[in-house]
Amino acid sequence: MEWMKSLQSPHVQCSSFFDYLLQTRPELTPAARWGGSLPAPVSAEDVQRGYLASITHGTTVLGIKYDQGVLIAGDRQATEGYQLATRTMEKVFKTDSHSAMAIAGAAGPCIEMAKLFSVELEHYEKIDGVQLSCVGKANRLGQMVKANLPMVMQGLVVIPLFVGFDTKLGQGRIFKYDVTGGRYEETDYHSIGSGGKDAKVTIKERYRRNLPEEDTIRLALQALFSAAEEDVGTGGPDILRRIFPTMKLIDLDGVRDVEEPRVASMCDELARVRARQD
Amino acid sequence: MSMPYYVSPEQLMQDKAEYAKKGIAKGRSVIAMEYQDGVLFVADNPSTSLFKVSEIYDNIAFSGAGKYSEFEHLRKAGIQHADLKGFMYSREDVTARSLANGYSQTLGTIFSQEMKPFEVEILLAQVGEQPGENEFFRIVFDGTIFHERSFVAIGGRSEALLAALQQGAGDQLLDIKSALKHCVNALKTVSEQDVAPNGLEVALLDRLRPGRKFRRLSQDDFSSLLS
């Protein structure tokens, strides 16, 4: 029984669920995938030959600050090579009352990381009785990305985008990561994934500081539209099947979803505008 | 050569039990009670940062009486167990029953194998989806486990408290205001001096909350409910 062990060894008495897993059930951690030994890296040719074609990948996600906090959004499409894997994947995850993350990369490990990270934050909060600070959460996520480096050698890249509301500073914050776990704070907005660059260019053209909520949601949708138009991996708004991007707003009161009808009506409106332009 | 002197197992267990009971008798009390929308916890605790009641999982809360370091240890172990189980399987698979069994096993083993038993009494409550589906477990120092209904008290004067709670308890589930008053009155009855609001710790497992049901009530919150 795990908790008998933990009662006898004081070194397990830490606030981190990830460390607890490593010490008691290492087979459940992402790093256990290769039994602790590093596998040979996958060559670029292997990647081109379609080694990764059978692995589900998710694509464009973005974060934008607005006057009350920060918005995070993502498209819904996941691909396996040239095949569409799913049209309705959820890439934006609430991680605790005042933070959320979105992911780009190999879907399986991405979702695993989001799940592990939310348990990590909840565990800390329950054990210590207080939530981690916004920067504390961002740093912890960086360490988890770093622990994932062996998988990157296998071509299983997991890159998160983290947003949170800093209750001390009274503002939203955006953090991006690289595969080595490097953490970089963005001042206004950021977008990652295969269509990330296209989305970012669109945001850059129209962004102003302290935009109201409604305008920020519209800007996020416009950016996701552009990404879907330019990048084959990113799914556009599916008017036919009524599948729309998912979004969350994070402000002083916490995380809330932007309701689907609201996104849907705004998508319809944008689609009409685009049709007129063409 | 010195002879190891013989102590009968009965004597040994009795001594240990007495020792543990003495420790618990010094501990301050905690009450858990059903109300219309969930479970209410009221603890006699003047500290505002060292809690006697805390969250274990979505719909499960923990409370301990006796030695702080020991029930704090058990609280952490419970959170680890619950989070691990929820991570491995699913959030709905974490139940108070399995946690209570774990605590019972742990306390039982410590009581029979260690020199010094834990001087603690533990209370686990799980809020159900419907009124009347709530569960309460009380686990004592030797691992004995009690499955309780409606209300339960642990700590130094738990028996007197239970008697006080029993008085005036109707068949109807109380609303939060009356339930809180009932608990505070019970605490007043068993303690000689008046119970000041700043000497209380109040928490809820609120069925109406989405996701994690546990919530602490600040002093202002419950003072306004009591007035």
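**Exercise 1.** In this predicted model, find the place of L132(A) in chain A, and decide whether L132(A) is buried, partly exposed or exposed.

*Solution.*
Step 1. L132(A) sits in the loop that runs between α4 (107–128) and α5 (134–147) of chain A.
Step 2. Count the other C-beta atoms within 10 Å of L132(A): there are 19.
Step 3. A buried residue needs 20 or more, and an exposed one has 12 or fewer. L132(A) is therefore partly exposed.

**Exercise 2.** Which residues does L132(A) touch, not counting those up to four places away in sequence?

*Solution.*
Step 1. The contacts are L121(A), Y124(A), K137(A) and R140(A).
Step 2. Take L121(A) from this list. L121(A) and L132(A) are eleven residues apart along the chain, and their C-alpha atoms are separated by 7.3 Å.

**Exercise 3.** Give the strand order of the open five-stranded sheet in chain B, and state which strands stand at the edges.

*Solution.*
Step 1. The order is β8-β1-β2-β9-β10, with antiparallel pairing.
Step 2. β8 (151–154) and β10 (214–217) of chain B each have a single partner strand, so one side of each lacks a neighbour in the sheet; these are the edge strands.
Step 3. On average, neighbouring strands of this sheet are turned by 20 degrees against each other, direction ignored.

**Exercise 4.** Describe the pairing of β1 and β2 of chain B, and the packing of helix α5 of chain B on the sheet.

*Solution.*
Step 1. β1 (residues 30–35) and β2 (residues 38–44) of chain B pair in the antiparallel sense over six bridges.
Step 2. Y35(B) has G38(B) in β2(B) as its bridge partner.
Step 3. Helix α5 (residues 176–190) of chain B touches β1 and β2 of chain B, and its direction makes about 30 degrees with that of β2(B).

Note on methods
Residues are numbered from 1 along each chain as its sequence is written. Chains are lettered from A and ligands numbered from 1 in the order in which they are written. This is a predicted model: local features need pLDDT of at least 70, side-chain atom pairs count only at pLDDT 80 or more; totals for chains, interfaces and linings use all residues. Helices (H or I, at least four residues) and strands (E, at least two) are DSSP runs, numbered from the N terminus. Two residues are in contact if their C-beta atoms, placed from the backbone, lie within 7 Å. Two strands pair if DSSP finds at least two bridges between them. Axes are lines fitted to C-alpha atoms, for helices over the stretch in contact, and angles run from 0 to 180 degrees between N-to-C directions.
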